[in-house]
Amino acid sequence: MDTNKFFSFPRIAMVMKREIMENWKTNLYRLIGIYAGFLLVMVFTMLKQASSYYDPQTAFQHYCSNVLGAFALIIGIFGIVYAANIMENMITKEKRIAFLMLPATMIEKFVARFLLVTVGLAVAVFVAASLAEITRYLLLPLFNVPETFHQSVLYNLLSMLSADGEQAYGGYAMNMSYQKWLGELCGWAFLVWSHSLYILGGSYWYKKPFFKTLGTLILISILCSVLSVQIISWVGDDGMRSFAEWLEANFQWMTLNKLLSLGVAFFSAFTLFNWWLSYRLFTRSQVVKPKFRLL
Amino acid sequence: MIEVKNLSFSYGKRKQKVFDDFSLALDKGSVYGLLGKNGTGKSTLLYLMTGLLRPQSGRVLYKGMDVSMRYPLTLQDMFLVPEEFALPAVSLKQYLKLNTPFYPNFSRELLNACLRDFDMNEDIHLGELSMGQKKKAFMCFALATNTSLLVMDEPSNGLDIPSKSQFRKVIASGMTDEKSVIISTHQVRDIDSLLDHVVIIDGTRVLLDASVKTICDKVYFAEQGMNEPTDTALYVQPSVQGNSVIFPNTHNEETNLNLEVLFNAMLAEREKMQSMFNK
């Protein structure tokens, strides 16, 4: 393979190393942010659950469930914030010059940034969660909590996730049965697609990409809702009933499993499209005028 | 070494063109001075030459490769020192560790020699330097990358007086027959002794593209009193002592390039001066 024109793994590693070390302060602050979020959830939920009327073991299980939900929320928020900041090293003219002049191919630079905001986040979450768990252990003597709370929370969270993953029984919705793994796959495909929207937003807007992407998505959602309501009112009750009957008559073959498969295919295809478009925007980037890329 | 072919560029479809069918070729082994009035596109040309901007039509080829493709082989063989640049808040040693692997010809000897010339050493922290010191450290890194092409935009801005002469020294000492340096600046007195070749651009045209030897063979730069005759002069510019004058060098006299006067003459007496160099 021609590494001058396409791909070299050692060079990606070099770009990543450079990005991590030269922005060590930003990376450290973000790690501290995740750690602080995890720790606050762990400690405050522990205080609340420890004083509940449940028996200690049940209280601990409730505690773990609550922590799992809060962790998912924190990881989700940081996930999209990280994704939106994929091109934060292009925010100023000086930074754009430094990054664009770096001797690596555009795909290598993009992949390096992509890995930093995805795998990099996973590493930061792992480190922050471990540190939060250690800190919780250190703080335990300060609180009067039952002995059950001296167990590892992270181990319990992983056990819960693992047990959930092993439950391969089918589900039932919309009067149709479906395979649970397909439902989960569709859910993940939707999450990755949502994440890819922030990658795309971050590749388009260099300044305040998170808020601009979020704002745009909210605006699009409102427009779609208004449009849907308008269409439904235009079609009317009779029209909607006819439409439902038409669907029932012509889509007998459609099962929930097929619908979920279509969902997986739809979200995966649009995820790939968003990634491609993000990369395309990056390859078109120039030292001045980011909007110039679309010409 | 670098060829600009029929380049057209504007900052937007409705904006006036900065370059229109613009062509230029630069050879290796020379220090080029790129001069022009404010807003004539000097920095834009440098960005186009380094692939940081893409032309609407035409191409910039560096050693036969299109620079807008931004291939590693091209990027590791050219270095741009912009007027303003970003340096991370890390030690110089750390910066070197992270960035030198991208430049296969990087020379530690060149770096240390340059740092010595600027009274600096490797034990500095880039986040704790003044703007001028940062510029010196960055220029040392740029020189040490040992790239065939070094492009500098207003390199002497922000440098103190001793550093300006050191700057000339380090550029001259780092030159080889395989390297080229392009310097774009308004501070012509800082670089006129350094140049091998002068390129003056104005809008979409190249007003002058000639070696310093050719310029000095064809014209003679003189400083003379107010009452001395200037009848045969190509250009006269009032100065503190009297007049700075450019004459045709009919007697093949030795003369030193006065870049400021030459630049003003090219703008004021364009046709007369161009006909002189086209002879």
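**View 1. The two domains of chain A.** In this predicted model, chain A falls into domain 1, covering 1-167, and domain 2, covering 168-295. Measuring sticks aside, the C-alpha centres of domain 1 and domain 2 of chain A are separated by 26 Å. Where they touch, domain 1 of chain A brings 18 residues and domain 2 of chain A brings 19 residues. On the domain 1 side, helix 3 (56-84), helix 4 and helix 5 of chain A are the elements giving two or more residues. Helix 3 of chain A has the largest share of that side, with 5 residues. Sorted by class, the domain 1 side of this contact in chain A holds 12 nonpolar, 3 polar and 3 charged residues.

**View 2. Helix 1 of chain A crossing helix 5 of chain A.** Two packed helices are described by the angle between their axes and the distance between the axes. Here the axes of helix 1 and helix 5 (residues 106-139) of chain A come within 9 Å, and they cross at roughly 55°. That angle makes helix 1 of chain A oblique to helix 5 of chain A. As for handedness, the crossing of these two helices of chain A is right-handed. To follow the contact by eye, look on helix 1 of chain A for A:R11, A:I12, A:V15, A:M16 and A:E19. Facing them from helix 5 of chain A are A:E108, A:K109, A:V111, A:A112, A:L115 and A:L116. Taken together, the residues of this helix 1 and helix 5 contact in chain A comprise 7 nonpolar and 4 charged, with no polar ones.

**View 3. Where chain A meets chain B.** Between the chains, the contact draws 24 residues from chain A and 27 residues from chain B. Helix 1 (9-22) and helix 4 (93-100) of chain A each supply at least two residues to the chain A side. That side of chain A splits into 12 nonpolar, 4 polar and 8 charged residues. If you have just come from the previous view, helix 1 of chain A is worth a second look: helix 1 is in contact with helix 5 of chain A and also contributes to the side that touches chain B.

**View 4. Strand pairing around strand 4 of chain B.** Strand 4 (residues 57-62) of chain B pairs with strand 1 (residues 2-10) of chain B in the antiparallel sense, over 5 bridges. One place to pick up this pairing is B:I2, which stands opposite B:Y62 in strand 4 of chain B. Strand 4 of chain B also pairs with strand 5 (residues 65-66) of chain B, again antiparallel, over 2 bridges. In strand 5 of chain B, B:D66 is the bridge partner of B:L61. The hairpin of strand 4 and strand 5 of chain B has 2 residues between the strands, and B:K63 takes a positive phi near 50° there.

**View 5. The two domains of chain B.** Chain B divides into domain 1 (2-203) and domain 2 (210-278). Taken over C-alpha atoms, their centres in chain B are 29 Å apart. In chain B, 11 residues of domain 1 are in contact with 10 residues of domain 2. Strand 3 (31-35), helix 7 (188-191) and strand 9 (197-202) of chain B each supply at least two residues of the domain 1 side. The largest share of that side, 4 residues, comes from strand 9 of chain B. By class, the domain 1 side of this contact in chain B has 5 nonpolar, 2 polar and 4 charged residues.

Technical notes. Residues are numbered from 1 along each chain as its sequence is written. Chains are lettered from A and ligands numbered from 1 in the order in which they are written. This is a predicted model: local features need pLDDT of at least 70, side-chain atom pairs count only at pLDDT 80 or more; totals for chains, interfaces and linings use all residues. Two residues are in contact if their C-beta atoms, placed from the backbone, lie within 7 Å. Ala, Val, Leu, Ile, Met, Phe, Trp, Tyr, Cys and Pro count as nonpolar, Asp, Glu, Lys and Arg as charged, and the others, Gly among them, as polar. Two strands pair if DSSP finds at least two bridges between them. Domain bounds come from an automatic or database domain assignment. Axes are lines fitted to C-alpha atoms, for helices over the stretch in contact, and angles run from 0 to 180 degrees between N-to-C directions. Angles under 35 degrees count as roughly parallel, over 145 as roughly antiparallel, 65 to 115 as roughly perpendicular and the rest as oblique. A crossing is left-handed if the near helix is turned anticlockwise from the far one by less than a right angle, and right-handed if clockwise.
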